[in-house]
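I opened this notebook to keep a record of what I looked up in the structure, one topic at a time. The entries follow the order in which I went through them.

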Amino acid sequence: MTLPQVHGEYGVVMEPELKFNDAGGAWLKMRCKATSRKQVDGVWVDGDILFIDILASKKLAENTFEMVQRGSTITVSGTLKYREWESNEGVKQKSYSIWADSIGMATRFGEQDKKVKASNGTATTPDPWETPQPTEAPF
């Protein structure tokens, strides 16, 4: 049976985690949320909230880690995965995650923050687009 493909827009609620396996392959995990919005008496309110882990590997993981931070809104296409396990206390647990095929910055509601993370994880501003323009005419 083929697992379902999902496509959606999610808000990143925790800083993305980038890890490397023993072979040197990159893996990324992001905790995200999706909410439904509804209008009640002329005021927009949040409806149900879905928290889900977005997982990515290889170059997609590395590229996403450089561009996405907590508070970003992203669009994701991937495969929905389900797993069950038992906790140390013997309680059955279950979770859903999306194994991403594609991740992009969502711009539907406005421009995203243009910060890019440096290799040490701190945010920096890309220089080429942030260079101030001269105030005098070039002639």
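**Entry 1: the second largest pocket.** I began with the lining of the second largest pocket, which is made up of Lys29, Arg31, Asp53, Leu55, Lys81, Tyr82, Arg83, Ser95, Tyr96, Ser97 and Trp99. The elements that each give two or more residues to this lining are E3, E4, E5 and E6, and the largest share, 4 residues, comes from E6. When I sorted the lining of this pocket by class, I found 5 charged, 4 nonpolar and 2 polar residues. For the volume of the second largest pocket I noted about 190 Å³. I should add here that I am working with a predicted model, and I keep that in mind for every entry below.

**Entry 2: the overall layout.** I then stepped back to see how the protein is put together, and I counted 2 helices and 8 strands in it. Read from the N terminus on, the elements run β-β-β-β-α-β-β-β-β-α. The protein has 139 residues, of which 24% are buried. I also looked up how far apart in sequence the contacting residues are: among contacts with a separation of 6 or more, 57% join residues that are 24 or more positions apart. The protein exposes about 10,300 Å², and carbon and sulfur atoms supply 52% of that area.

**Entry 3: the largest nonpolar core.** Which residues have the most contacts inside the largest nonpolar core? I found that this core has 19 residues, and that those with the most contacts inside it are Tyr10, Met30, Ile54, Ile74, Val76 and Ile103. At least two residues of the core come from each of strand E1 (5-12), strand E3 (26-40), strand E4 (43-57), helix H1 (58-67), strand E5 (73-86) and strand E6 (92-105). E3 gives the most to this core, with 5 residues.

I followed Tyr10 further and, leaving out residues up to four places away in sequence, listed what it touches: Cys32, Lys33, Ala34, Ile52, Ser72, Thr73, Ile74, Val76 and Ile98. Two of the residues in that list, Ile74 and Val76, are also named with Tyr10 among those with the most contacts inside the core.

**Entry 4: Thr64 and Lys58 in helix H1.** Is Thr64, which has a relative accessible area of 5%, buried or exposed? Thr64 counts as buried, because its 5% lies under the 20% limit for a buried residue. Thr64 has its place in helix H1, and, not counting residues up to four places away in sequence, it touches Leu28, Met30 and Ile103.

Lys58 also lies in helix H1, but I found Lys58 exposed, at 62% relative accessibility. What I marked about Lys58 is its positive phi of about 55 degrees, although it is not a glycine.

**Entry 5: Asp41.** I noted a positive phi for Asp41 as well, of about 50 degrees, and Asp41 is not a glycine either. Asp41 lies in the loop between E3 and E4. With a relative accessible area of 80%, Asp41 is exposed.

**Entry 6: Pro4 and its distant partners.** I next went to the segment before E1, where Pro4 has its place. Pro4 counts as partly exposed, at 42% relative accessibility. Leaving aside its neighbours within four places in sequence, Pro4 is in contact with Gly78, Thr79 and Leu80. I also looked up Pro4 and Lys81, which are 77 residues apart in sequence and 8.4 Å apart in space, C-alpha to C-alpha. Lys81 had already come up in Entry 1, as one of the residues that line the second largest pocket.

**Entry 7: Val91 and Arg108.** Val91 is found in the loop between E5 and E6. At 43% relative accessibility, Val91 counts as partly exposed, and its contacts, not counting residues up to four places away in sequence, are with Trp85 and Glu86.

Arg108 has its place in the loop between E6 and strand E7 (116-117), and I found it exposed, at 61% relative accessibility. From C-alpha to C-alpha, Arg108 and Thr73 are 9.4 Å apart in space, and they are 35 residues apart in sequence. Thr73 is a residue I had met before, since Tyr10 touches it.

Key. Residues numbered from 1 in each chain as written. Predicted model: local features only at pLDDT ≥ 70, side-chain atom pairs only at ≥ 80, totals over all residues. Heavy atoms only, no water. Core = buried A, V, L, I, M, F, W, Y, C linked by side-chain atoms within 4.5 Å. Buried < 20%, exposed > 50% of the residue type's maximum accessible area, 1.4 Å probe, protein only. Contact = heavy atoms within 4.5 Å. 1 Å grid on protein atoms, 1.4 Å probe; cavity = no way out; pocket = protein on both sides within 12 Å on 5 of 7 lines; lining within 4 Å. Points joined across faces, edges and corners; volume = space filled by probe spheres on them. Nonpolar A, V, L, I, M, F, W, Y, C, P; charged D, E, K, R; others polar. Areas by Shrake-Rupley, 256 points an atom, 1.4 Å probe, with all protein chains shown as cover.
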